[in-house]
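Biologist: Could you take me through this one slowly? I'd like to know where the labels come from.

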Amino acid sequence: MKKTLTLAFFAAVCAAGTAVAGKMQQDTQWLLNDDSIVTGTSAQIKILYCIGANNVQCAVSLTGITTIIRKS
Amino acid sequence: MSRKLLIDILSALLVFLFIYTGISKLLDYHTFRRQLGQSPFITSYASVIVWALPLGEIIIAGLLLYSRTRLLGFYLSFFLLSLFTFYLIAMLRLSYFIPCSCGGVLQHLSWDAHIVFNIVFVILSTIGVLLHVKQIRTQSAI
């Protein structure tokens, strides 16, 4: 029982820490199709700048290789 | 690997998934609410789902923590993950615009990768249910 609790609680603590740390690192910059650069999470960019069809690439992350709005 | 250790690992994986996605959704409440509002099929229920989904995920994680409630946690995980998967498949087939309402890093996955990810966790929940039921039977037989 103790061991079980330890493993599952460890996972819970790690998950909570990862989620909070991820929230604190959300200043990703995105290059939009009109060459403007905006800052925000991929979800925020998708809502604010990428409304429309999903088969059109809308933004590319400048800090990584992530692209958003892409229905494969 | 013993059956008990395998159950522990499976529940720890599901706990990680549900706590991570649940807390990510709550931390990004306003974005999540807007995404649900844009989401086809569930727009009218967005105000309920915006709280029910992350809290439900955290409650399921809580059930998975204790051996007494773990079987219920595995069943609910299976149900919720299957629901997510069917919803994703339905949206991909039927909807033109698909906002991702997923928590944290999962929103970077492609739709196909997301479905595969969900199916893997549905399988893990199923294995968890089967192993747990088997363990309960073994314990009651002793």
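Modeller: Sure, starting with chain A: buried residues make up 22% of its 72 residues. Keep in mind that this is a predicted model, where local features need pLDDT of at least 70, side-chain atom pairs count only at pLDDT 80 or more, and totals for chains, interfaces and linings use all residues. Residues are numbered from 1 along each chain as its sequence is written, while chains are lettered from A and ligands numbered from 1 in the order in which they are written.

Biologist: What makes a residue buried or exposed?

Modeller: We count other C-beta atoms within 10 Å of its own, with C-beta atoms placed from the backbone: 20 or more is buried, 12 or fewer is exposed, and in between is partly exposed.

Biologist: Why is Asp35(A) called exposed?

Modeller: Asp35(A) has 6 other C-beta atoms within 10 Å, so it counts as exposed. Asp35(A) is in the loop between β1 (29-32) and β2 (37-39) of chain A.

Biologist: What is odd about the phi of Asp35(A)?

Modeller: Its phi is positive, about 70°, although Asp35(A) is not a glycine. Most residues other than glycine have a negative phi.

Biologist: How many helices and strands does chain A have?

Modeller: Two helices and four strands, in the order α-β-β-α-β-β along the sequence. Helices (H or I, at least four residues) and strands (E, at least two) are DSSP runs, numbered from the N terminus.

Biologist: And over in chain B, what span is expected for helix α3?

Modeller: The rule is 1.5 Å times one less than the number of residues. Helix α3 (residues 46-65) of chain B has 20 residues, so 28 Å is expected, and the 29 Å from its first C-alpha to its last is close to that. Buried residues in α3(B) include Leu53(B), Ala61(B) and Leu64(B).

Biologist: What makes something a nonpolar core?

Modeller: It's a set of buried Ala, Val, Leu, Ile, Met, Phe, Trp, Tyr and Cys residues joined through C-beta atoms within 7 Å. The largest one here has 28 residues, and Ala12(A), Phe16(B) and Leu64(B) are among those with the most contacts inside it. Its largest share, eleven residues, comes from α1(B).

Biologist: Which residues does Leu64(B) contact, leaving aside neighbours within four places in sequence?

Modeller: Ala8(A), Ser11(B), Leu14(B), Val15(B), Arg70(B) and Gly73(B). Contact means that the two C-beta atoms, placed from the backbone, lie within 7 Å.

Biologist: Why is Arg93(B) called exposed?

Modeller: Arg93(B), in helix α4 (residues 70-94) of chain B, has 7 other C-beta atoms within 10 Å, so it is exposed.
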